[in-house]
Amino acid sequence: MRREGSLWLVVAIAGLALLVTWTQIGSLRYELIDHDEATFMVMAQSVLRGHLPYIEAFDNKPPGLFYALAATMALFGQSLAATRLLGDLCILGATLCLLAMGRKVLPLWGATALAAIFASAHLVKVAQYTSAEVVANLPMAGALLLLLLLRARGSYRGVFAAGVLLSAATLVRTNLGVVALAVGLLLLVAAWRPGWLGVKRWGVVALGLGGLVPVSVLVTAYAVQGQVEALWAAAVQVPLAYTGDGQGFGAVVLGFFGTLWALALASPGTALL
């Protein structure tokens with residue numbers, strides 16, 4: 001029975017990999033899907049030349065995206081295909097994380113269906129190129145998977161790793177910092193009820209320390225070159241001004257939670273996520 005279950009799991013993983021390939025293979029027909037993609041590539045090439053993001057070239061996305069693209073280009077070459085490959089791998093990784101999360105509360109067929117819906121959503125043209133959202137989905141899905149696993153076995157190392165991933169996701173897509181903040185508040189409440197959600201009393205501290213790791217590495221890199229002010233302006237002040245669009249940051253946060261709550265009420269699958 002266990003061997004049979006493992007076989008079906010392998011079939012599910014292979015099927016999802018094929019589905020992701022099918023949703024993304026058509027993107028290679030297009031040289032340009034979104035003008036942002038070209039800007040991201042220019043920023044990544046600047047990093048490969050040894051520059052920090054925002055110093056030689058500028059875009060209002062967080063620096064994590066450009067480092068991820070630069071790493072991919074260093075491995076597979078400075079081409080459009082290599083850039084798209086990063087997005088494809090992130091979609092596949094997030095899909096498999098969702099499969100693993102679903103298996104904790106659903107039978108294999110249900111978890112596979114949930115992951116397949118997520119993968120199929122990337123058929124739309126806006127998801128055909130390597131956007132910040134696509135890349136950020138992978139560390140975010142990894143963090144959610146770790147937090148879900150904590151319900152079965154609490155671990156400071158697991159919470160610490162989740163903090164690292166949440167921070168990494170935020171450094172790719174700034175507004176995901178709201179999700180990181182929500183998780184922190186949840187663990188803060190859990191600190192007063194040890195064992196609730198499978199989290200130990202000081203789990204929120206472990207989460208915070210993990211979250212500081214990517215940020216500390218980034219700030220240190222800028223501090224060595226005396227460019228912390230440039231990092232603050234480009235990665236914090238500009239996105240806040242751009243996102244707020246005159247509404248104020250508080251209104252943006254409230255709007256985010258309102259949208260999230262409406263989606264949770266509308267779809268059991270979204271509530272699971």
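Let's start in the middle of things: the largest nonpolar core of this predicted model has 44 residues, and Tyr54, Leu65, Phe66 and Leu207 are the ones that touch the most other members. If you want to know which helix gives the most to this core, look at H6, residues 132-149, which puts in seven residues. There is also a second, separate core of seven residues, with Cys97, Met101, Ala141 and Leu145 among them. In soluble globular proteins, nonpolar side chains tend to be buried together.

Now step back and take in the whole chain. You'll find twelve helices and zero strands, so to speak an α after α run from the N terminus on. The chain has 273 residues, and 38% of them count as buried. Take the contacts with a separation of 6 or more: 68% of them come from residues 24 or more positions apart. As for the outside, the accessible surface comes to about 14800 Å², and carbon and sulfur atoms account for 69% of that.

Two of those core residues, Leu65 and Phe66, take us to helix H3. This helix covers residues 63-76, and its 14 residues reach 20 Å from the first C-alpha to the last, close to the 20 Å expected at 1.5 Å a residue. Which residues of H3 are buried? They are Pro63, Gly64, Leu65, Phe66, Leu69, Ala70, Thr72 and Met73.

Thr72 deserves a stop of its own. Why does Thr72 count as buried? Its relative accessible area is 7%, and the cut-off for buried is under 20%. Leaving aside neighbours within four places in sequence, Thr72 is in contact with Gly77, Ala82 and Leu86. Gly77 comes just after H3 and takes a positive phi of about 100°.

Let's finish with Leu207, another of the core residues named at the start. Again leaving aside neighbours within four places in sequence, Leu207 is in contact with Val159, Ala162, Gly163, Leu166, Val183, Gly184 and Leu187. Pick out Gly184 from that list: this glycine lies in helix H8, residues 177-190. Gly184 counts as buried because its relative accessibility is 13%. Beyond its neighbours within four places in sequence, Gly184 is in contact with Val204 and Leu207. How far apart are Gly184 and Leu207, in sequence and in space? They sit 23 residues apart along the chain, with 7.1 Å from C-alpha to C-alpha.

Conventions: Residues numbered from 1 in each chain as written. Predicted model: local features only at pLDDT ≥ 70, side-chain atom pairs only at ≥ 80, totals over all residues. Heavy atoms only, no water. Helix = DSSP H or I, 4+ residues; strand = E, 2+ residues; numbered from the N terminus. Expected span 1.5 Å × (residues − 1). Buried < 20%, exposed > 50% of the residue type's maximum accessible area, 1.4 Å probe, protein only. Core = buried A, V, L, I, M, F, W, Y, C linked by side-chain atoms within 4.5 Å. Contact = heavy atoms within 4.5 Å. Areas by Shrake-Rupley, 256 points an atom, 1.4 Å probe, with all protein chains shown as cover.
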